[in-house]
Amino acid sequence: MTCPQAEDIIFSRVEQAVAADPRMAASLLRLHFHDCFVNGCDASVLLDDTATFVGEKTAGPNLNSLRGFDVVESIKSELEEACPQTVSCADILAIVARDSVVLSGGPTWQVEVGRKDSRSASRQAANNNIPAPTSDVATLIQKFQNLGLSTKDMVALSGAHTIGKARCSSFTSRIGGSGDGGGSEFLQSLQQLCSGSNATLAHLDIATPATFDNQYYINLLSSEGLLPSDQVLLTGSGDVGSLVEAYAMDEMLFFGDFTVSIVRMGRLAPPAGVVGEVRRSCRVVN
Ligand code: HEM
């Protein structure tokens, strides 16, 4: 990327978007994850359906859930004015993810750039690769391992759930009346919140919902993780449970590991031989 103004342009757009809608930081961070887990970080997640492929926006983990597409598109238009066809949509996603964490009070890191955008997308790969909130620990570990990411990457990156929201439909099994902590005040409040609609939103981090900190892990220790896939980490044998405890005790340890792991995630590349481009609009191939 040789567009010296790019990082400043992106940061001020993200800042504006988060000022208008504080949840946007979380939504933008999540987009980078859902991009990288499907054939590498190539902005495939941003493509609309075409006559030749069904895009990823309607995949199970994404439909009625992913947000922030307009923010990314507005950043793209401004960058196309400043430096035509220089900054890929995939690099924009990586940079907005970092800026979102910083604006939420979390750590910063150097974003590696030079990614190319895909010329296709895969709903099927999105359905297969992105872990479900009902996954057990072995499945979570496996989905990360399939891409060359470690158990530690999985536990550290799950800490992203220190910001943002989830729909009741994503944690029905937490409020089904069974499982750990059943009947706790926390679960009762969720039951009440979700009694109306499955689309109602709850904070992923009940204590500090908009701050990027290590509170996510502290919540797990008191059985106040929101998603089943969050709370299940504490039941993980070996490294998993002990990492949760370590991050709950030491925010700097979490910040350090999170930044290492998100850089590793950001290196996930498309399959060898696939030709990419720098899109002019993130929604369509050139
Ligand atoms: C470990 C496996 C993971 C699972 C099973 C998972 C699952 C989910 C689910 C079900 C939601 C709520 C969606 C909804 O109800 O609409 C969510 C939200 C979110 N996820 Fe994850 N996630 C995982 C890992 C990650 C990672 C690695 C990141 C980023 C590094 C991330 C960032 C987020 C953020 C920030 C939100 C809130 C988004 C918003 O408020 O718009 N998640 N996740």
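**Notes on the two-domain predicted model**

1. Let me start with what sits on top of α7. The cover over the buried residues of α7 includes α6 (137-145), α10, α11 (239-249) and α12 (251-266). The buried residues in question are Asp153, Met154, Val155, Ala156 and Ser158. Keep in mind as you read on that this is a predicted model.

2. Now the overall make-up. The chain holds 12 helices and 2 strands, and from the N terminus the elements go α-α-α-α-α-α-α-β-α-β-α-α-α-α. How compact is the chain for its 286 residues? Its radius of gyration is 18 Å, close to the 19 Å from the globule rule, so the chain is as compact as a globular protein of that length. If you want the outer dimensions, the C-alpha trace spans about 55 × 40 × 35 Å along its principal axes.

3. On packing across the whole chain: 46% of the 286 residues are buried. Taking contacts with a separation of 6 or more, 78% of them join residues 24 or more positions apart.

4. Next, the split into domains. The chain divides into domain 1 (6-131) and domain 2 (137-261), and the C-alpha centres of the two lie 23 Å apart. Where they meet, the contact takes 17 residues from domain 1 and 17 residues from domain 2. On the domain 1 side, the largest share comes from α2, with 5 residues. By class, that side of domain 1 has 9 nonpolar, 6 polar and 2 charged residues.

5. The ligand deserves its own point. There are 27 residues around the ligand, and the nearest of them are Ser65, Ala160, Gly164, Ala166 and Ser170. Domain 1 and domain 2 each put at least three residues into this shell. Which elements supply at least two residues each to the shell? They are α2 (24-36), α7 (151-158) and β1 (165-167). The largest share is 5 residues, and it comes from α2. Sorted by class, the shell has 14 nonpolar, 8 polar and 5 charged residues.

6. So α2 turns up twice: it gives the largest share of the shell around the ligand, and also the largest share of the side of domain 1 that touches domain 2. I'd look at that helix with both roles on screen.

7. Within α2, have a look at Met24. Is Met24 buried or exposed? With 22 other C-beta atoms within 10 Å, Met24 is buried, because the cut-off for that label is 20 or more. Leaving aside residues up to four places away in sequence, Met24 touches Ala17, Val18, Gly68 and Val71. Another pair to check is Met24 and Ile163: they are 139 residues apart in sequence, while their C-alpha atoms are 9.9 Å apart in space.

8. For α4, the length is as expected. This helix has 15 residues and reaches 20 Å from first C-alpha to last, close to the 21 Å expected at 1.5 Å a residue. Of those 15 residues, 14 are buried, so α4 is largely enclosed by the rest of the structure. Just after α4 comes Gly105, with a positive phi of about 95°.

9. Two backbone spots to flag. Most residues other than glycine have a negative phi. Gln85, not a glycine, nonetheless has a positive phi of about 50°. Gln85 is in the loop between α3 (69-82) and α4 (89-103), and Gln85 is exposed, with 12 other C-beta atoms within 10 Å. The other spot is Ser223, whose phi is positive at about 60° although Ser223 is not a glycine either. Ser223 belongs to the loop between α9 (215-221) and α10 (228-231). There the count is 16 other C-beta atoms within 10 Å, so Ser223 is partly exposed.

10. Last, a residue in α12, which is one of the helices covering α7. Gly256 lies in α12. With 14 other C-beta atoms within 10 Å, Gly256 is partly exposed. Gly256 and Ala25 are 231 residues apart in sequence, and their C-alpha atoms are 20 Å apart in space.

Definitions and conventions: Residues are numbered from 1 along each chain as its sequence is written. This is a predicted model: local features need pLDDT of at least 70, side-chain atom pairs count only at pLDDT 80 or more; totals for chains, interfaces and linings use all residues. A residue is near a molecule or strand if its C-beta atom, placed from the backbone, lies within 6 Å of it. Helices (H or I, at least four residues) and strands (E, at least two) are DSSP runs, numbered from the N terminus. Ala, Val, Leu, Ile, Met, Phe, Trp, Tyr, Cys and Pro count as nonpolar, Asp, Glu, Lys and Arg as charged, and the others, Gly among them, as polar. Domain bounds come from an automatic or database domain assignment. Two residues are in contact if their C-beta atoms, placed from the backbone, lie within 7 Å. The expected span of a helix is 1.5 Å times one less than its number of residues. The radius of gyration is taken over C-alpha atoms; the globule rule is 2.2 Å times the number of residues to the power 0.38.
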